[in-house]
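Trainee: Hi! Could you walk me through a structure today? I'm still new to reading these.

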2 protein chains.
Amino acid sequence: MSEENVVYIGSKPVMNYCLAVLSALQGGGSTVALKARGRAISTAVDVAEVTKNRFMENLNVQMIEIGTEKMESMEGQMRNVSTITIVLKKE
Amino acid sequence: MSEENVVYIGSKPVMNYCLAVLSALQGGGSTVALKARGRAISTAVDVAEVTKNRFMENLNVQMIEIGTEKMESMEGQMRNVSTITIVLKKE
């Protein structure tokens with residue numbers, strides 16, 4: 001997978017990320033990875049499902065991975081945050 | 001997997017669900033499925049990661065599945081909601 005085919009999911013509307021996925025797949029490459037942390041994990045699942053069901057019927061979930069990252073909070077303390085990576089593949 | 005070994009994730013604190021997972025695994029059976037919808041999806045990932053990293057080193061993610069369900073809103077309209085199922089297995 002080329003480095004460009006990663007879409008980082010944050011707090012923008014779902015449709016913004018769906019468009020990013022579609023344009024990543026049009027720019028070449030048959031896979032795109034969605035990456036999210038914390039509360040944005042739910043949005044990443046929404047983006048995968050909406051893109052698949054509404055925009056690209058031949059898109060499948062190739063792999064889903066969850067994990068934990070350490071992040072520094074505002075107060076300088078380390079805390080754990082959950083992560084998800086969803087790899088979508090155009091068949 | 002027996003029907004009892006499903007933990008439905010809602011809006012309670014993460015630790016409540018971790019305890020539910022641990023007791024499901026102590027009550028027999030080596031797998032437990034976490035199921036969540038919408039905003040609770042992020043919590044389901046937290047529950048899987050915290051249980052694995054803090055309470056049960058020999059617990060692994062066996063399978064992760066995402067999907068879409070139709071739900072009726074308060075106004076009687078149908079809307080789509082994303083779902084996740086995370087199956088954890090004690091080795």
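Mentor: Happy to; we'll go through one chain, then the interface, then some single residues. Keep in mind that this is a predicted model.

Trainee: Good to know. Which helices and strands does chain A have, and how many of each?

Mentor: Chain A contains two helices and four strands. Starting at the N terminus, their order is β-α-β-α-β-β.

Trainee: What does the C-alpha trace of chain A span?

Mentor: Along its principal axes, the trace covers about 45 × 25 × 20 Å. The accessible surface of chain A is about 5100 Å², and 49% of that belongs to carbon and sulfur atoms.

Trainee: And how much of chain A counts as buried?

Mentor: Chain A has 91 residues, and 47% of them count as buried. There's also something to notice about its contacts: take those between residues at least 6 apart in sequence, and 66% of them join residues at least 24 apart.

Trainee: Okay, new topic. How many residues are in contact between chain B and chain A?

Mentor: On the chain B side there are 19 residues, and they are in contact with 19 residues of chain A. Together the two chains bury about 1500 Å², with 54% of it on carbon and sulfur atoms.

Trainee: How many residue pairs are in polar contact across the interface?

Mentor: The rule finds 13 such pairs between chain B and chain A, counting pairs where both residues are at pLDDT 80 or more. On the side of chain B that touches chain A, the elements giving two or more residues are α2 (40-55), β3 (59-72) and β4 (78-90) of chain B.

Trainee: Which of those gives the most?

Mentor: That would be α2(B), with eight residues. As for the kinds of residue on that side of chain B, there are eight nonpolar, eight polar and three charged.

Trainee: What about salt bridges between the chains, how many are there?

Mentor: Two salt bridges are counted between chain B and chain A. One of them pairs A:Asp46 with B:Arg39, and their closest N and O atoms are 3.3 Å apart.

Trainee: Why do side chains pair up like that?

Mentor: Side chains of opposite charge can pair when their charged atoms come close.

Trainee: How many salt bridges are there in the whole structure, over all chains?

Mentor: The search finds six over all chains. In chain A, the side chains of A:Arg37 and A:Glu69 form one of them, at 2.8 Å from N to O. This pair connects distant parts of the chain: A:Arg37 is in strand β2 (residues 31-37), A:Glu69 is in strand β3 (residues 59-72), and 32 residues separate them.

Trainee: Why do A:Arg37 and A:Glu69 count as partly exposed?

Mentor: Partly exposed covers the range between under 20% (buried) and over 50% (exposed). A:Arg37 counts as partly exposed because its relative accessible area is 42%, and A:Glu69 does so because its value is 34%.

Trainee: Which residues of chain B pair up at 2.8 Å?

Mentor: B:Glu69 and B:Arg37 meet in a salt bridge at 2.8 Å, N to O. Here B:Glu69 sits in strand β3 of chain B and B:Arg37 in strand β2 (residues 31-37), again as a link between distant parts of the chain, 32 residues apart. B:Glu69 is partly exposed at 35%, and B:Arg37 is partly exposed at 42%.

Trainee: Where do A:Lys52 and A:Glu49 lie?

Mentor: Both are in helix α2 (residues 40-55) of chain A, three residues apart, which is about one turn of the helix. Their side chains meet in a salt bridge at 3.4 Å, N to O. A:Lys52 and A:Glu49 are both buried.

Trainee: Switching again: is A:Ser82 buried or exposed?

Mentor: A:Ser82 is buried, because its relative accessible area is 6%, under the 20% cut-off. This serine is part of strand β4 (residues 78-90) of chain A.

Trainee: What does the side chain of A:Ser82 make a polar contact with?

Mentor: With the side chain of B:Asp46, at 2.5 Å. Beyond its neighbours within four places in sequence, A:Ser82 is in contact with residues of both chains, including A:Ile41, A:Thr68, B:Val45 and B:Glu49.

Trainee: Last one: where is B:Pro13?

Mentor: B:Pro13 is in the loop between β1 (6-8) and α1 (14-26) of chain B. With 52% relative accessibility, B:Pro13 counts as exposed. Its C-alpha atom is separated by 9.4 Å from that of B:Val47, which is 34 residues away along the chain.

Conventions
Residues are numbered from 1 along each chain as its sequence is written. Chains are lettered from A and ligands numbered from 1 in the order in which they are written. This is a predicted model: local features need pLDDT of at least 70, side-chain atom pairs count only at pLDDT 80 or more; totals for chains, interfaces and linings use all residues. Side-chain values use heavy atoms; hydrogens and water are left out. Contact means heavy atoms within 4.5 Å. Buried area is the accessible area (1.4 Å probe) that two parts lose on being put together, summed over both. A salt bridge is a side-chain nitrogen of Lys or Arg within 4 Å of a carboxyl oxygen of Asp or Glu. A polar contact is a pair of N or O atoms within 3.5 Å; within protein, one must be able to donate a hydrogen and the other to accept it, and residues adjacent in sequence count only if both atoms are side-chain atoms. Ala, Val, Leu, Ile, Met, Phe, Trp, Tyr, Cys and Pro count as nonpolar, Asp, Glu, Lys and Arg as charged, and the others, Gly among them, as polar. Buried means under 20% relative accessible area, exposed over 50%, partly exposed in between (1.4 Å probe, protein chains only). Accessible areas come from the Shrake-Rupley method with a 1.4 Å probe; for residues, only the protein chains shown count as cover.
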